[in-house]
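User: I would like to go through the labels attached to this model and see what each one rests on. Please set the values against the cut-offs as we go.

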Amino acid sequence: MNQRNLLVTGGAGFIGVNFVHYWLGQHPNDKVIVLDALTYAGNKASLDPVIENPNLTFVHGDICNTELVESLLKDHSVNTLVHFAAESHVDRSITGPDAFIETNILGTYSLLKAAKKVWIDLPKEQGKEPLAHRFHHVSTDEVYGTLEPNDPPFKENNPYEPNSPYSASKAASDHLVRAYHHTYGLQVTTSNCSNNYGPYHFPEKLIPLIITNILQDKPLPIYGDGQQIRDWLYVEDHARGIELVLDQGRVGENYNIGGHNEWANIDIVKLVCKLMNEAFEADSNLANKYISAKSAIAGNAEQLITFVTDRAGHDRRYAIDATKTNNELGYKPAESFETGIRKTISWYLSNSTWWQGLLNN
């Protein structure tokens, strides 16, 4: 497609908003419509740097509103839908799974129905060919279950073995997307990513939680022994991976997008503590901004580490094998973990108004 008109669901959330920033920067002639319900994880302020862009349209609405989605697809001549909108916090899915079933499964179904109607059914009723389109679904490595320490990383053909209401709801949405391709001919692609980190990450997630808790002199909670292993991917590298899937990916295929970067949670926390200590040592003015961060200012952020009871159904290890994406699409992360985590810490230190506003709500 020479000109893309994109509908980005969940475009005010963490990964979605980073994708919007990236896309508008890389594709200045494309139009981007952001649809977001602005639940706790969606923050319209995250769009502030691009909100005046004439090619950006923000719509406050719910993906479960099929009529709204249909109207957006038609009114804006959307030919590409990138679906980020999801409830994604595992802890919340354990205590309140209903929202995950509604948003992740029924919401995806609503989008698929609307896309099929506008792109396939209505043209057929008029005796025309289906409109050129792409429905890209953003999923997670958690649908594959958990890995033992010596198991090879997940490939696209691994069986689905979700272990939490969150991962089960995402697995269900993946299956619906696949079914709409094979049954109705909807032009779909799916990407399964590893753990993302970077700017605009909601403070309840591990890396931003550690950064912001250090700045507030609060405990750094570590589940169990902290030896849970995750593959970490800088969020802009994820956006680039999706761009490659949209440009070169084969319709109907799944692509793993990973960081080739496995870390145990406790090691991540210790690294962030070390880098935060260095930041305060390098810039004494930071102490004036974060008066309560006594431990970080003293260079002893690690003393805030607190081990807590492990959560129910906590998967031990995730890791992505992105060989297919590398070979077919030429994908490779641009950021190392060292460069990415330093950029992330710098962003949180420079954007305290953003994250403090979320914590105060």
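Analyst: A cavity is a set of grid points where a 1.4 Å probe fits but cannot get out, whereas a pocket is an open set. The model is predicted. By the cavity rule, two cavities of 30 Å³ or more are counted.

User: How do you know that the largest cavity belongs in that count, and what is its volume?

Analyst: The largest cavity has a volume of about 50 Å³. The count takes cavities of 30 Å³ or more, and about 50 Å³ meets that limit.

User: What makes a residue part of the lining of the largest cavity, and which element gives the most?

Analyst: A lining residue has an atom within 4 Å of a point. For the largest cavity, the residues that meet this include Y197, W232, L233, Y234, D237, G259 and N261. P333, E335, S336 and F337 are also in the lining. Strand β9, residues 229–234, gives the most, with three residues. By class, the lining has six nonpolar, three polar and two charged residues.

User: Why is G259 in that lining counted as polar?

Analyst: The class rule places Gly among the polar residues, so G259 is counted there.

User: What is the second largest pocket lined by, and which residues lie nearest its centre?

Analyst: The second largest pocket has a volume of about 180 Å³. Its lining holds 13 residues, and Y160, D174, H175, R178 and N254 are the ones nearest the centre. Helix α5 (165–184) and strand β6 (188–193) each supply at least two lining residues. The largest share, four residues, comes from α5. The lining of this pocket divides into three nonpolar, six polar and four charged residues.

User: Why is the Y197 and Y234 pair called edge-to-face?

Analyst: The structure holds 17 aromatic pairs. In the one between Y197 and Y234, the centres are 5.5 Å apart and the planes make an angle of 65°. Ring centres within 6.5 Å make a pair, and planes over 60 degrees apart count as edge-to-face, so both conditions are met. Y197 lies in strand β7 (residues 195–197) and Y234 in strand β9, so the pair ties together parts that are 37 residues apart in sequence. Both of these tyrosines are buried.

User: What makes Y200 and W354 an edge-to-face pair?

Analyst: Their centres are 5.7 Å apart, with 85° between the planes. The distance is within 6.5 Å and the angle is over 60 degrees, so the label follows. Y200 lies in the loop between β7 and α6 (206–215) and W354 in helix α13 (residues 352–360), so the pair ties together parts 154 residues apart in sequence. Y200 and W354 are both buried.

User: Which residues form an aromatic cluster?

Analyst: Y197, W232, Y234, W263 and F337 form one aromatic cluster.

User: Why is W347 called buried, and what does W347 touch?

Analyst: W347 has 14% relative accessibility; buried means under 20%, so W347 counts as buried. The residue lies in helix α12, residues 337–350. Leaving out residues up to four places away in sequence, W347 touches P199, Y200 and W354.

User: Are C64 and C273 buried or partly exposed?

Analyst: C64 has 28% relative accessibility, which lies between the 20% and 50% limits, so C64 counts as partly exposed. C273 is at 0%, under 20%, and therefore counts as buried. A search of the whole structure finds zero disulfides. That label would need a pair of cysteine sulfur atoms within 2.5 Å.

User: What is the phi of L38, and why is L38 called partly exposed?

Analyst: L38 has a positive phi of about 55° although it is not a glycine. This residue is found in the loop between β2 (31–36) and β3 (56–60). The relative accessible area of L38 is 28%, between 20% and 50%, so L38 is partly exposed.

User: What makes D217 partly exposed, and where is D217?

Analyst: D217 is in the loop between α6 and β8 (220–223). Its relative accessible area is 27%, which is not under 20% and not over 50%, so D217 is partly exposed. D217 also has a positive phi, near 60°, and is a residue other than glycine.

User: Which residues of helix α2 are buried, and what covers them?

Analyst: In α2, residues 66–75, the buried ones are T66, L68, V69, E70, L72 and L73. Their cover includes β1 (5–9), β2, β3, β4 (80–83) and α4 (98–125). After α2 comes S77, with a positive phi near 50°.

Note on methods:
Residues are numbered from 1 along each chain as its sequence is written. This is a predicted model: local features need pLDDT of at least 70, side-chain atom pairs count only at pLDDT 80 or more; totals for chains, interfaces and linings use all residues. Side-chain values use heavy atoms; hydrogens and water are left out. On a 1 Å grid over the protein atoms alone, a cavity is a set of points where a 1.4 Å probe fits but cannot get out, and a pocket is an open set with protein on both sides within 12 Å along at least five of seven lines; lining residues have an atom within 4 Å of a point. Grid points are joined across faces, edges and corners, and a volume is the space filled by probe spheres set on the points. Buried means under 20% relative accessible area, exposed over 50%, partly exposed in between (1.4 Å probe, protein chains only). Contact means heavy atoms within 4.5 Å. Rings of Phe, Tyr and Trp (its six-membered ring) pair if their centres lie within 6.5 Å; planes under 30 degrees apart count as stacked, over 60 as edge-to-face and the rest as tilted.
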